[in-house]
Structure formats: structure tokens, C-alpha cells
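Visitor: I have the sequence and the coordinates open, and I would like to know how the labels are justified. Could you take me through them?

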Amino acid sequence: MDSSRSHHRFSNLLCLFVLLFSNLLTFLLFSSSSSSCPPCPSSTTTTTVAACATTAASASSSNADASLPAEFVAFTSAQPLPFGHNPNMDSAEIHPPAGLACPLFPDDLAAFMSYPVNGSCPDDEPLAQRLLLRGCEPLPRRRCRPAAPPDPASPLPHPAALWSLPPDRSIHWSAYSCKSFRCLVDRKRSPSFDDCKDCFDILDGSRERLRWVAPSDNPLDFSIDEVLRAADPVGSVRIGLDIGGGSGTFAVRMRERNVTIVSTTMNLNGPFSSFMAARGVVPLYLSVSQRLPFFDNTLDLVHSMHVLSNWIPTTLLHFILFDIYRVLRPGGLFWLDHFFFVEPQMGEYVPVIDRVGFKKLRWEVGRKLDRGLELREMYISALLQKPLKNSW
């Protein structure tokens with residue numbers, strides 16, 4: 001009987017041993033097949049663990065890269081610096097940037113990054129702008145030559161360039177419904193909608209020619225000269241930014257007053273960037289979502305007309321306003337020009353603006369009446385100042 005019990009205990013121990021051994025073997029086999037790292041030695045060091053982690057991350061990255069266009073991977077992959085570790089960067093490699101959202105649109109990204117290296121780029125301005133506006137910003141760099149007019153005219157000299165239509169052959173027109181500047185000027189009479197549809201008419205007597213300089217009884221319409229006089233001291237506005245600069249008229253008017261303005265613009269069914277450059281002012285191809293490419297506390301003035309309005313998600317708008325505050329120098333001015341919203345949104349937007357910390361030099365609220373009172377459409381025009389002292 002004792003022998004029987006001993007045999008039974010031995011059988012149980014044997015079963016337990018086999019079970020444990022099979023589990024351990026399964027674990028080891030799984031670990032070796034799912035990891036690109038060799039088994040760590042018993043005296044594992046921090047360096048060994050870090051190497052394991054780096055190898056695993058590289059394998060994961062390689063798997064992700066396999067679904068991305070080859071030229072996108074070639075540009076965005078970490079690239080070793082020729083002279084090794086750079087103390088300014090605290091790194092031995094550089095990571096060229098592209099917008100976080102680029103891989104979210106694989107078909108468009110593949111089309112954008114498909115071209116013969118050292119050859120001609122596709123004629124794809126609408127595709128590139130669509131990617132950018134959806135968050136693929138900055139767009140990845142390409143190794144190809146962009147589409148261009150075959151026989152462009154030389155730019156006009158100053159001051160003639162400021163208020164002249166450039167020759168049609170200066171523009172590559174394929175992306176736009178209009179194929180001439182006369183068409184762009186005339187579309188202000190068209191019932192169809194186009195962004196800034198009267199902006200290209202800069203001839204004598206046009207609305208664009210009078211903007212920001214003509215006297216107005218509407219308190220929402222600030223003039224450039226009024227704003228410049230509000231600077232403390234007068235004459236301290238020298239450089240600035242226009243967000244959504246249209247065809248460049250604000251920058252041109254400021255240039256006439258010895259103020260240098262860089263303007264952001266998109267080419268929404270019109271060659272806004274090229275037209276602005278032809279007038280001799282600087283276009284910056286940048287959406288409102290992108291962090292402003294200026295250092296902290298550097299600009300005297302930031303202006304925006306119509307672009308900052310209720311089409312922008314409120315949280316994003318909050319970030320944008322703080323970015324404007326960031327780039328303005330202490331004492332700098334933010335001219336919020338005709339911020340559009342509907343009346344029930346007043347309680348939403350005013351606190352967002354107030355929380356940033358600007359001082360209100362001028363604040364006007366009025367109704368937008370061109371489409372009828374029943375729509376309850378509103379504007380805010382404001383001249384705001386970053387505090388001169390204790391702005392941080």
C-alpha cells in the first residue's frame with residue numbers, strides 16, 4: 001500500500017513537472033519568435049536593455065515604413081550627421097519633419113511622393129494644398145522640379161509693381177478655373193462663390209484699392225493710420241504678419257508706410273501667392289493650423305481679417321491666439337479685423353479671447369447686415385496689445 005501511495009505521488013510530481021516544462025518551453029519559443037533581440041544574458045545591463053528596445057523599435061518602424069511611399073520614408077527617416085554628435089542639437093542624427101497627419105491620407109500621399117528623382121514633379125498643386133489643409137503640414141520635401149510657366153515675364157519694378165496686374169504668362173494656371181487676370185478681376189460680378197473674389201481687382205476705384213485707407217462711418221472699419229497711431233511710441237511698428245493676406249493689399253499699404261509685412265495665404269482657386277509675390281511683398285504658404293514660424297517676442301504687429309472666425313474649432317482658435325501672443329513683442333499690437341460669428345456664439349468666443357491676456361485698446365461689436373438681420377451674423381473688430389510689462 002505504501003508502495004502504491006509512493007507511486008501515486010511520483011506520478012503527480014511527474015505530471016506537474018511536465019506541465020511546468022511545457023509552459024516554460026512555450027514561453028521561450030514565443031519570446032524568441034516575437035522578438036528581434038537575442039535572449040538577454042543573466043547579467044543584463046541597462047545598455048543591453050536599451051539596445052533591445054532600440055532594435056524592437058526599429059523593427060516596428062520598418063513594418064510601418066513598408067506601407068509608406070519610398071520617397072516619404074527617404075525624407076523623414078533619421079539621418080546621421082556627417083560629423084557625428086552636434087552639441088547644439090544634442091544628437092548625432094537629424095529627423096526631417098513632415099506633418100503628423102500625412103500618413104492618414106495614404107492615397108494622396110503616395111500620389112504626392114511619386115515622381116522621378118531629379119526630374120519634374122507632377123503638376124499637382126490642388127493635391128498638395130488638400131494634403132496641407134488636412135494637416136499634412138509641413139508637406140514633405142521632394143526631390144523634383146515644380147511645375148512652372150514656360151516663358152514667364154520679368155517682374156515689374158517698384159513702385160509700379162504694387163498696383164499693377166502682372167502679365168498672364170507669369171502664372172502657371174492649371175490649378176485654377178480662371179486662366180487670366182482679367183478673368184480673376186471680372187469674377188467679382190459672378191454669382192458663384194470664390195474665396196476673396198474681389199481681391200484681384202486692384203485698379204483705381206476698386207474696393208480693394210480703398211480697403212484700410214478710405215474714411216468709413218462703420219466703427220468696425222479701422223484704418224491703417226489709426227492703428228499705427230495707437231502704437232506706443234508712434235513709429236514703433238516696423239515688422240509684422242498678416243494672417244490670411246489675400247492678394248497682399250494690406251502688406252502693400254504697410255510697405256508704403258515703411259512697415260514690412262509677411263503674409264500667409266492659400267491658393268483657393270486663385271494664384272494668391274504668385275500674385276502677392278508679383279506685387280513685391282512676401283507670401284508665406286502656411287495654413288492657420290501651423291505654428292507661426294517666428295521666434296518669441298519679435299513682431300510689432302499681427303493682423304488678420306476674416307480668416308480667424310467661427311469656422312475654426314474653438315480649441316484650435318485658443319491655440320492660435322496664444323501663438324499670436326507668443327510672437328508679438330511686449331507692447332506689440334494684434335489687430336483682429338472683422339472676426340465673424342453668429343450672435344449666440346458671443347458667450348463662447350469673447351472668453352476665449354479674454355483669457356489670452358491682451359489689453360483692449362479698442363473693441364467694437366457690430367452686425368453683419370448684407371445677408372439679413374434674421375441670420376444674426378456678427379463681427380468683432382478689436383485692437384489688442386500684449387502688455388509691455390509682466391507679459392509672461
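**Cores, sheet and pocket**

Guide: Gladly! The largest nonpolar core has 33 residues, and F250, M254, L301 and W335 have the most contacts inside it. This is a predicted model.

Visitor: Which elements supply this core with at least two residues each?

Guide: They are α6 (181-186), α8 (224-230), α9 (249-255), α10 (272-278), β8 and β9. The largest share, four residues, comes from α9.

Visitor: What makes L301 a residue with so many contacts inside the core?

Guide: Contact means heavy atoms within 4.5 Å. Leaving out residues up to four places away in sequence, L301 touches V227, V237, I239, G240, L241, F250, M254, I261, L328, L333 and W335. F250, M254 and W335 are in that list, and they too are named among the residues with the most contacts in the core.

Visitor: And what does the second core include?

Guide: That separate core has 31 residues, including I243, L292, I312 and L317. The definition joins core residues through side-chain atoms within 4.5 Å, so a separate core is a set not joined to the other in that way.

Visitor: Why are β7 and β10 called edge strands?

Guide: The open sheet runs β7-β6-β5-β8-β9-β11-β10, seven strands with mixed pairing. β7 (282-284) and β10 (359-367) each pair on one side only. From one strand to the next, the twist averages 15°.

Visitor: How do you know that β6 and β7 pair?

Guide: Pairing needs at least two bridges. Three bridges join β6 (residues 260-264) to β7, so these parallel strands meet the definition. S263 stands opposite P283 in β7.

Visitor: Which helices lie across β9?

Guide: Among them are α11 (residues 314-327), at about 150° to β9, and α12 (residues 346-354), at about 175° to β9. Helix α11 also lies across β5 and β8, while α12 also lies across β10 and β11.

Visitor: What makes L127, A128, Q129, L131 and L132 of α5 buried?

Guide: Buried means under 20% relative accessible area, so each of these five falls below that cut-off. Their cover includes α4 (106-112). Just after α5, G135 takes a positive phi of about 115°.

Visitor: Where does α5 come into the second largest pocket?

Guide: In its lining: α5 gives the largest share, three residues. The lining has 32 residues, with A128, L139, R142, P146 and Y285 nearest the pocket's centre. The pocket's volume is about 880 Å³.

Conventions. Residues are numbered from 1 along each chain as its sequence is written. This is a predicted model: local features need pLDDT of at least 70, side-chain atom pairs count only at pLDDT 80 or more; totals for chains, interfaces and linings use all residues. Side-chain values use heavy atoms; hydrogens and water are left out. Buried means under 20% relative accessible area, exposed over 50%, partly exposed in between (1.4 Å probe, protein chains only). Axes are lines fitted to C-alpha atoms, for helices over the stretch in contact, and angles run from 0 to 180 degrees between N-to-C directions. On a 1 Å grid over the protein atoms alone, a cavity is a set of points where a 1.4 Å probe fits but cannot get out, and a pocket is an open set with protein on both sides within 12 Å along at least five of seven lines; lining residues have an atom within 4 Å of a point. Grid points are joined across faces, edges and corners, and a volume is the space filled by probe spheres set on the points.
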